[in-house]
Amino acid sequence: MTDVSFDRLFRAIDRDRFLDQYFDKAPYYEAGAVRSVETVFSWSHMNDLLARPKLWDGHTIEMALDGKVLPAAQFCRPGHGRQGESGLRPDRGKVTALLQKGATFVLDFLEGIDPRIASVSRALERLTGANTSCNAYCSWKAVRGYASHFDCMDVFALQIEGEKTWNLYEGRFPEASFVPGSRPSDFTAEQHDRMKGKLAQQVTTRPGDILYLPRGLYHDALATDTASLHLSFGSTPAVGVAVLEMLAREMQGQEYFRKRLPHFEDRAALAAYLQGIGQTVNKVLADPAFHDFVAGFQKDRIFDKVADYRFPERDTDGYFFVSRYAPVVQGTGDGLTVTHRGQTFQRAAADREMLAWILEREEFWLSELSEAHGQRGEAGRTLIQALIQNKVIFPVQV
């Protein structure tokens with residue numbers, strides 16, 4: 001499964017409606033969303049990965065039983081890594097004994113190991129604008145692996161084999177993130193039980209089904225009497241705290257922020273200085289250059305993983321990310337009017353086919369565009385420039 005796009009992961013909903021009605025708002029379930037799910041992952045694929053023992057240790061494998069994450073020592077033994085370093089390696093006997101008790105078995109970091117899973121992760125990164133990781137969850141009995149909880153990322157669960165019953169609750173922790181005080185680990189089981197609220201929906205996922213859960217939504221899941229294998233893709237957004245960290249770095253270079261704080265007894269002077277900090281920060285936050293800097297930070301988090309290497313080719317090529325918001329193209333034979341996120345610009349009628357080709361994709365290489373539509377020379381270059389200027393496409397690699 002390569003060149004994954006939104007419409008290869010979802011069939012009953014388009015991208016605009018998903019973003020408008022569900023993303024970061026409400027759970028979404030779609031039965032049979034992914035055709036030929038075995039091309040993404042399978043039990044045999046799982047076994048093949050586990051047959052590469054140097055990939056796995058107490059950090060990249062997790063097990064849970066009866067609502068508790070188990071210490072790595074309960075399913076690992078002392079061993080050595082690829083470079084001879086000491087660490088905990090999975091112990092087949094311990095793992096098997098725990099599985100027979102109904103434990104859930106989890107493999108981490110699959111997006112960094114498997115190209116098919118990486119292609120799905122990249123598609124979700126383009127959709128969410130956030131780093132996306134992938135874990136495989138295996139469970140065999142109707143025994144609860146994980147207690148009711150919320151996640152700090154948006155979760156896209158893709159059922160691969162068997163069935164899993166998901167309980168979705170009314171409770172949602174506001175703006176859950178990996179910031180102290182807003183992480184699942186910051187609360188006791190009793191607190192989670194109070195905050196999760198009543199059962200709102202129960203969904204049973206089968207092979208090819210997708211379930212989307214917005215971050216913060218309380219849920220838990222049980223395998224049925226069949227062996228269950230699902231992939232969990234987690235998209236972790238950058239949050240406002242990251243902007244504060246950027247501001248702190250920005251302000252270090254400004255003389256005002258290196259001034260001595262007035263003495264605590266000089267409250268009027270201290271208040272005036274603190275108000276000055278606020279005014280200076282507000283100026284920075286209102287500066288379009290800082291807006292560009294923050295947008296660049298967001299783009300860099302996903303763009304460095306978007307473009308593939310193309311060995312043995314070594315020629316310079318352009319690579320572009322297409323906006324997740326589809327523009328509206330109108331016009332006759334005389335010309336085209338393109339409207340994108342409130343901005344309108346004009347293009348020649350001769351651009352229609354090339355523009356349509358671009359808008360059918362989520363990403364593309366410049367060489368692919370040239371191969372499909374020929375070398376249009378300056379006309380093609382001006383179209384690309386207009387699309388970049390109006391943020392319909394974003395250059396990733398040029």
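1. Lining of the largest pocket. In this predicted model, 47 residues line the largest pocket, and those nearest its centre are Glu62, Tyr137, Tyr146, His149 and Asp151. The volume of this pocket is about 1100 Å³. Sorted by class, its lining comprises 20 nonpolar, 16 polar and eleven charged residues.

2. Elements that supply the pocket. At least two lining residues come from each of the strands S2 (61-65), S3 (68-69), S6 (104-107), S7 (131-139), S9 (164-172), S12 (217-223) and S13 (228-236), and from helix H6 (189-196). Which element gives the most to the lining of the largest pocket? That element is S12, with five residues.

3. The eight-stranded sheet. An open sheet with antiparallel pairing runs in the order S1-S11-S8-S13-S7-S6-S2-S3. Its edges are formed by strand S1 (28-30) and by S3, each of which pairs on one side only. Several members of this sheet, including S2, S3, S6, S7 and S13, also appear among the elements that each supply at least two residues to the lining of the largest pocket.

4. The S1 edge. S1 runs antiparallel to strand S11 (residues 210-213), and three bridges join the two. Within this pairing, Glu30 has Ile210 of S11 opposite. Ile210 is also one of the residues that line the largest cavity, which is taken up in point 7.

5. Strand S7 and its neighbours. Is S7 mostly covered or mostly exposed? Seven of the nine residues of S7 are buried, and the strand is mostly covered. On one pairing, S7 is joined to S13 by nine bridges in the antiparallel sense, with Asn131 opposite Thr236 of S13. On another, S6 and S7 pair antiparallel over three bridges, with Val106 opposite Tyr137 of S7. Tyr137 is also among the residues that lie nearest the centre of the largest pocket.

6. Helix H3 over the sheet. Helix H3 (residues 43-50) lies across four strands, namely S6, S7, S8 (154-161) and S13. Relative to S6, this helix runs at about 70 degrees. In the order of the sheet, these strands fall in the stretch S8-S13-S7-S6.

7. The enclosed cavity. How many cavities of 30 Å³ or more does the structure hold? There is one, and the largest cavity has a volume of about 50 Å³. The residues around the largest cavity are Leu9, Phe10, Val120, Leu124, Phe156, Ala157, Leu158, Ile210 and Phe233. By class they divide into nine nonpolar, no polar and no charged. Helix H5 (115-128) and S8 each supply at least two of the lining residues, and S8 gives the most, with three. S8 is likewise one of the strands that H3 lies across.

8. The S4-S5 hairpin. Strand S4 (residues 76-80) and strand S5 (residues 86-90) pair in the antiparallel sense, with five bridges between them. In this pairing, His80 is placed opposite Ser86 of S5. The two strands form a hairpin with five residues between them. Gly84, in the turn, has a positive phi of about 85 degrees.

9. Positive phi outside glycine. Two aspartates deserve a look during backbone review. Asp24 is not a glycine, yet has a positive phi of about 60 degrees. Asp24 belongs to the loop between helix H2 (15-21) and S1. Asp66 is likewise a residue other than glycine with a positive phi, near 55 degrees, and is placed in the loop between S2 and S3.

10. Accessibility of the two aspartates. Why is Asp24 counted as partly exposed? Asp24 has a relative accessibility of 30%, and therefore counts as partly exposed, since that class lies between the limits of 20% and 50%. Asp66, at 52% relative accessibility, counts as exposed, because the cut-off for that class is over 50%.

11. Glu190. This residue lies in helix H6, an element that supplies at least two residues to the lining of the largest pocket. Glu190 has a relative accessible area of 52% and is therefore exposed. Between Glu190 and Ile388 there are 51 Å in space, C-alpha to C-alpha, and the two are 198 residues apart in sequence.

Terms used
Residues are numbered from 1 along each chain as its sequence is written. This is a predicted model: local features need pLDDT of at least 70, side-chain atom pairs count only at pLDDT 80 or more; totals for chains, interfaces and linings use all residues. Side-chain values use heavy atoms; hydrogens and water are left out. On a 1 Å grid over the protein atoms alone, a cavity is a set of points where a 1.4 Å probe fits but cannot get out, and a pocket is an open set with protein on both sides within 12 Å along at least five of seven lines; lining residues have an atom within 4 Å of a point. Grid points are joined across faces, edges and corners, and a volume is the space filled by probe spheres set on the points. Ala, Val, Leu, Ile, Met, Phe, Trp, Tyr, Cys and Pro count as nonpolar, Asp, Glu, Lys and Arg as charged, and the others, Gly among them, as polar. Two strands pair if DSSP finds at least two bridges between them. Contact means heavy atoms within 4.5 Å. Axes are lines fitted to C-alpha atoms, for helices over the stretch in contact, and angles run from 0 to 180 degrees between N-to-C directions. Buried means under 20% relative accessible area, exposed over 50%, partly exposed in between (1.4 Å probe, protein chains only).
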